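Please open the model in your viewer and keep the sequence beside it, since this tour moves from one selection to the next and says at each stop what is there.

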Amino acid sequence: MSLDFIFTMSPETVMARIVAATGYAAVHPESAVNVVIVEGTVQRTEGRVLAEAGDAYEAKYGTKMDPDDPGMPFYSLEAKLAVGWMARDPRGSAVRWTFER
């Protein structure tokens, strides 16, 4: 099973510098109630996948990201490890997944 995440960030951020140096990152959705943290390898993303990611971003945030904007490039994270838990029961709900291609 493979799991990919598309995200964007300014090249000026600390995370962007870490990704450039290591090719690895951790990402998570906004929820602090049902927590999921995903780690994996990262690369710049181009092409068709950007159109799909841009449409999903617009649907969620009400604004469309420009895939050609050098100030906010898109990245793809290929998941290697994920951990998750529910805030109401972290000890009883904690899980860990590993992914290989």
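Select Ser 93 and Met 86 in this predicted model, and look for the place where a polar atom of the Ser 93 side chain lies 2.8 Å from the backbone nitrogen of Met 86. Ser 93 belongs to helix α3, which covers residues 90–93, and its relative accessibility of 13% is under the 20% limit, so it counts as buried. If you now show the surroundings of Ser 93, leaving aside residues up to four places away in sequence, you will find that it touches Gly 84, Trp 85 and Met 86.

Next, select Phe 7 and colour its contacts. Again leaving aside residues up to four places away in sequence, Phe 7 touches Met 15, Val 27, Val 42, Pro 73, Phe 74, Tyr 75 and Leu 77. Phe 7 is also among the residues that touch the most other members of the largest nonpolar core, a set of 13 residues, and with it in that group are Met 9, Val 19, Val 38, Val 42, Tyr 75 and Leu 77. To see where this core comes from, display α1 (14–22), β2 (24–27), β3 (34–44) and β4 (74–86), each of which supplies at least two of its residues; β4 gives the most, with 4 residues. In soluble globular proteins, nonpolar side chains tend to be buried together.

Stay with Phe 7 and add Tyr 75, since the next topic is aromatic rings. How many aromatic pairs does the count come to? The count comes to 2. In one of them, the ring centres of Phe 7 and Tyr 75 are 5.7 Å apart and the planes stand at 20°, so this pair is stacked. Because Phe 7 lies in strand β1 (residues 4–8) and Tyr 75 in strand β4, the pair ties together parts that are 68 residues apart in sequence. Both Phe 7 and Tyr 75 are buried. Before leaving Tyr 75, select Arg 44 as well, whose charged end sits over the Tyr 75 ring at 5.8 Å from its centre.

For the last stop, select Tyr 57 and Tyr 61, which form a tilted aromatic pair with 4.6 Å from centre to centre and 45° between the planes. These two tyrosines are 4 residues apart in helix α2 (residues 48–61), and are therefore separated by about one helical turn. Tyr 57 counts as partly exposed at 25% relative accessibility, and Tyr 61 is likewise partly exposed, with a relative accessible area of 43%.

Definitions and conventions
Residues numbered from 1 in each chain as written. Predicted model: local features only at pLDDT ≥ 70, side-chain atom pairs only at ≥ 80, totals over all residues. Heavy atoms only, no water. Core = buried A, V, L, I, M, F, W, Y, C linked by side-chain atoms within 4.5 Å. Buried < 20%, exposed > 50% of the residue type's maximum accessible area, 1.4 Å probe, protein only. Contact = heavy atoms within 4.5 Å. Polar contact = N/O pair within 3.5 Å; in protein donor to acceptor, adjacent residues only side chain to side chain. Phe/Tyr/Trp six-rings, centres within 6.5 Å; stacked < 30°, edge-to-face > 60°. Lys NZ or Arg CZ within 6 Å of the ring centre and 35° of its normal.
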